[in-house]
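Work through these exercises with the sequence and the 3D view side by side. Try each task before reading its solution.

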Amino acid sequence: HLQLWDTEMETPEPVTTTEGQFVTRAKELVDKTEDSALFVPFKSYWPTYGHMTGTQSRWYFYWRNEVRQGRYLKTDLSYIFLHVYELINGVGWTDPYDGYRQLNQIWEAYRESYKRLDQYLGGWIADFSFVHHLDVPLSIIVARSRGLAGDLAELELMRGLTAAPEQLTFAVLTAMSDYDISKSKFYIGEGKE
């Protein structure tokens with residue numbers, strides 16, 4: 001059923017989503033910094049600016065500025081995810097390769113403290129590189145993470161096999177495969193070498 005709008009009727013208000021509100025607010029706060037702040041714990045399932053208290057906000061903007069300068073202070077995972085959400089949504093960078101670089105640096109800086117980052121950032125960074133058409137071999141991401149899931153793994157496997165098979169190490173192939181070849185009779189026997 002197709003609804004035709006009378007040109008004299010009012011245009012319906014756009015639907016505002018939580019994600020859209022987040023991006024709008026992130027763009028407003030892109031340059032906000034704090035000169036100093038005390039760390040205040042912050043735990044939120046889907047962290048947003050509105051979930052933080054004033055002291056948490058001051059810490060976040062101080063910490064985020066430090067991260068942008070390459071100083072990765074100890075912080076809570078919710079602050080890290082909030083900054084990652086900004087980067088994924090195009091806030092805090094002008095060149096997609098810079099966004100990609102920042103995401104990777106955050107992952108590397110905090111992955112030892114927060115193993116959960118490996119569950120999310122590998123796939124998110126892979127998606128980021130696809131969305132922005134970055135010429136980045138996903139085998140690097142696969143090797144650092146616990147692999148890629150589903151269609152993304154198949155796409156990377158096909159790309160790797162056709163474009164750069166020499167980059168597909170045994171570890172990368174194992175991470176992208178549904179089958180653990182290292183447990184096969186062939187591999188356990190004479191096939192390993």
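## Exercise 1: A surface patch

F170, Y179 and I181 together form a nonpolar surface patch with about 310 Å² of accessible area. The model is predicted: local features need pLDDT of at least 70, side-chain atom pairs count only at pLDDT 80 or more, and totals for chains, interfaces and linings use all residues. Residues are numbered from 1 along each chain as its sequence is written, and side-chain values use heavy atoms, with hydrogens and water left out.

**Task.** Place F170 in its helix and state its accessibility class.

**Solution.**
- Start with the patch rule: members have over 30% relative accessible area and no salt bridge, and nonpolar side chains (Val, Leu, Ile, Met, Phe, Trp, Tyr) are joined within 5 Å, like charges within 9 Å.
- Areas come from the Shrake-Rupley method with a 1.4 Å probe; for residues, only the protein chains shown count as cover.
- Find the helix. F170 lies in α8 (residues 170-176). Helices are DSSP runs (H or I, at least four residues), as are strands (E, at least two), numbered from the N terminus.
- Assign the class. F170 is partly exposed, at 40% relative accessibility. The classes are buried (under 20% relative accessible area), exposed (over 50%) and partly exposed in between, with a 1.4 Å probe and protein chains only.

## Exercise 2: A pair between two loops

**Task.** Which parts of the chain does the pair D76 and K43 tie together?

**Solution.**
- Recall the principle: side chains of opposite charge can pair when their charged atoms come close.
- Apply the cut-off. A salt bridge puts a side-chain nitrogen of Lys or Arg within 4 Å of a carboxyl oxygen of Asp or Glu.
- Check the pair. D76 and K43 form a salt bridge at 3.3 Å, N to O.
- Locate both ends. D76 sits in the loop between α2 (54-68) and α3 (77-88), and K43 in the loop between α1 (18-28) and α2, so the bridge ties together parts 33 residues apart in sequence.
- Compare cover. D76 is buried at 8%, whereas K43 is exposed at 69%.

## Exercise 3: Other salt bridges

**Task.** How many residues apart are R101 and D98 in their helix? Then describe R71 with E66.

**Solution.**
- R101 and D98 bridge at 2.4 Å between the closest N and O atoms.
- They are 3 residues apart in α4 (residues 96-110), about one helical turn.
- R101 is partly exposed at 38%. D98 is partly exposed at 22%.
- R71 and E66 bridge at 2.6 Å, N to O. R71 is partly exposed at 41%, but E66 is buried at 11%.
- Finish with the wider count. The structure holds 9 salt bridges. E108, R111 and D118 are linked in a salt-bridge network.
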